[in-house]
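Biologist: Please take a close look at one open sheet in chain A. Which strands make it up, and in what order do they run?

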Amino acid sequence: MKLKLNQLLGAFLLSFILFSCSNSDSEQPRGAYEQGILIMNEGNFGTNDGEVYHLDPATQTLKSNVFEAENLRPFAGLLEDMVPAGENLYLVANTGKVEIVDAGTFKSTGAVSGGLDQPRSLEVVGSKLFISDYGPYNASYATPDSYVAVVDGLNGGVVSKKIEVSNKPEDLFAYGKYIFVAGSEEGKVEIIDADKEEVIKVLEVDGHPAQFFESDGRVWLFSTGNDEVYFQSFHMDNFTKATTNALPVANATGRIAFGNDNIFYVVTSTGWPDYIDGVSRVSVLGPELDLDWMSGSGFYGIGYDKSRDELYVANSNGFQGNGTITVYDKEGAEIRSFETGRGPSGFLFY
Amino acid sequence: MILFLWVVSLFGFIPTPQDTVILSEVEVYAPALDRFAQGQKVISWSKKDLMDFEGRALADLLQEQSPVFVRQYGAGMLASPSFRGTSAGHTALFWNGLPINSPSLGQSDLSILPMAAIDQLSLQFGNAGALFGNEAIGGSVHLLTVPEFGKEFHASIGQQFGSFGKYNTHLKASYSTDDLSLSTKVYREFSKNNFPYMDLGQISTPLVKEDHAAFEQKGIVQDLAWNFDSNHQLKAAFWFNQADREIQPVMGSNTQDMQSDQSLRAALDYFRFGNHSVLNLKIGMVKDELLFNESLSKTGQFFVGGDWDQVISDHWTIKGGLRFTQVQADLSTYSTSDQRIESYQSAKFKASDRLAFSLNLRELIYQDQWAPFTPSLGMDWVVIQNEKQELLLKSSVGKGFKVPTLNDRFWEPGGNPNLLPEESTSGEIGFAHQFLGEINWSNSITYYRMSVDNWIIWLPQGSVWTPDNIRNVSNQGIEYEGAVKGKLGAWDWKLIWSYSWNRAVSTKGIGESDPAIGKQLPYTPQHQANGQFNFGNNAFRAFLGSFFVGERSVTADNPRLMPSYQLFNGGVSFNRIQWGKLSFPVSFQVNNIFNKNYQVLYLRAMPGRSFQFNLSINL
């Protein structure tokens, strides 16, 4: 899960930064699915069996296939990202659609189903949706026509514009009326003006941009290189790069969890043929640097429950069936494990 | 003619040990499939049986009329057979005796094997590595063209129109004297395939028309057979098929993939009929080109082989042979070649007219490795035989193997050259009983057990997928078939039905905690059944058929089950419209009569009710 903080710009609210936007509406009763933990299960390529599971961490009650249970139809897609914004939860399927559900009830409220190719993430600014999309593959499986799609309407609709960006855009981050785009293939960050619907600035950054987050009052970008990972921060007044911290974490996959006290958990994988997965425990501000904090195989998604100080590490089990989630305490001692959906790739902690 | 002493066996529904059927003068020799297959289950369809499937694919016939489960990735899309709970790659496919599975994929697509191209079909069940070699683990499929002698000139043109833009044209012409036979088939099959379906991947699940599943398939089959004297026969067969398909996306995806498959197959057989012996020399070629979007895979297989079949005495018959295979592969990510040499031996001992045993052996070497040695042993015993009834007991044990495919071994990145061959052992016992008389009633039942070890599975290692010998699988099941046929005046009727139960579970998986252990394999129904009722006279025929496919899971650990479904098909035909020498058979068929909404594989839309009208002109 990627951090979405666009509605939390009031500085003092940063003290309880988490993934949620609805925290600010604490007057309203929260729906069943706006409490506890949502588990994003990507699904298997060619099967389109992505789904969301819900976990109540207090009782360990796990509800499977929430989308299908609430909407009486399968999700039918590969679930790439879950983005809460306002009343809605946006479920981004990289198979070419965005399903929009009520965050509390998970009942379908809309969709973006035409005009997308391989959407990756989404951000809401005002009444517009901005959707990063790899664009179609060409003959050699490259994606030279990547874009950020614009949809006017919080409950979806049609794509009204495609803003060209560098290849393979991933995470988006909204700051006021501006949207930062993590251009993962070419090492760029594009900044889009949401009113003009155009790129107003392009920054060259280190590594392959993966995810934006906010920490210590600053906006950061996490990006990966072969032998290092980079944490780069930005000046938000003139949109220039501020600091770059490089840490010697090799083979990072781009998946990261943000713990308490500025401790981050980075998933690594040597890939084929040696194939050792691991989790490195690092800090961008402090001295923490434990490169081989955990090792294993099949690591997929990762997430951190800040309120309970628990780390969730997901295992895809080779996509042969359902995945497994193992919960660790902050020192890495295993607490419990349980089965989840296929290809568990991320979490949303309310 | 010595030819007469030799056998072609066109097994009936219940195969009886019939190695003494006399070859009729008009038929071209083909080595009998069951000559050394004592104890094994074989089902065959003659040219006439295949008529009901004109204009359809092999996939449809197997699903509707056999215990085989066909995994269909949409209508007219990739369809792969699963015999007795094994995977698509565990079925050997032969065309006129040549193995035609793709060496890179290790399987065949049953959707692009049109029935228009073949005259006869047989299925053999269970391990038959010794008789049929590589990939005959779950079973094998044998496609034949059967040219005839002494029939002079015949020609026909068939035209089919059907729902969803189906438009097929078939041309056939044959000319034969007593010694020479020429036959040509040309076909083109086209379907817009724009069937309506409920799109579960869209909000409010609208009824939409499939807009990316059109296919066109065309081909030519040429057969030649020549008796150049009374004990020499030459037989040549050639088949070119091209299929161009829009690949139907899985619901929820909007992929626009295109696939084009070209296959060229040629076989040349020389037979010398000696004194109680047949020498067969065979050369063959199978070339496949698969273009997926812009990624081209080319493979070629070249075969040279020969065998000698000798009746030694009233009790003993033996056969031995050798085959050399050269495989060339030129794919988007690798190029390689592979050489295989195999020798095989068979012996049959007839203890009496009612009791026969066979022993078969095969050894195969690929590159510098030995495939597992595969013996098999079988028995046919006619326990009861009189005017009223017949009871046959069949039993066999055998082994099978699968050489890792070229993709398994060489795909870049991820291919694993150290893979072991998959290996299986199976045993079966079956009874076939028949009441003879005015109403002929038959029942047969087979129980089998099988294990498949070193089952190859591709697993992700980061972003690269790589195959390994992961799974062991244990299968057992029961296959039951029944048939009643009779006559009512000028009318004859036939009712056939079958049921199969198949339990295929993983006994070893990815590590000891693999939740798949002890569970049914994915997309492997435990229950299947089918039945057909057929009646007619010599002018009119009608049939009604139905088949049932039980629940099956999407993944090996079984959390999501696909619902069972049952479909009904029916049709009528009339063949008495004539004008001079010309006849005009017509037929009409309805598939999925009750417009059942179903999926074979998860989120792969399948068509509802469809109609098909066939019109032919025969000379």
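Modeller: The sheet comes first, then a hairpin of chain A.

This is a predicted model, in which local features need pLDDT of at least 70, side-chain atom pairs count only at pLDDT 80 or more, and totals for chains, interfaces and linings use all residues. Residues are numbered from 1 along each chain as its sequence is written, while chains are lettered from A and ligands numbered from 1 in the order in which they are written.

The open sheet has 4 strands in the order E8-E9-E10-E11 (chain A). Its pairing is antiparallel. Strands here are DSSP runs (E, at least two residues), numbered from the N terminus. Two of them pair if DSSP finds at least two bridges between them. Strands E8 (119-125) and E11 (159-164) of chain A each have a single partner strand, so one side of each is left without a neighbour in the sheet. From one strand to the next, the twist averages 25 degrees; axes are lines fitted to C-alpha atoms, and angles run from 0 to 180 degrees between N-to-C directions.

Look at the edge pair. E8(A) joins strand E9 (residues 128-133) of chain A over 6 bridges, in the antiparallel sense. Within this pair, Leu122(A) stands opposite Ile131(A).

Now the hairpin. Strand E14 (residues 188-193) and strand E15 (residues 198-204) of chain A run antiparallel, joined by 6 bridges. Glu190(A) has Val202(A) of E15(A) opposite. The hairpin has 4 residues between the strands. Glu197(A) takes a positive phi there, near 55 degrees.
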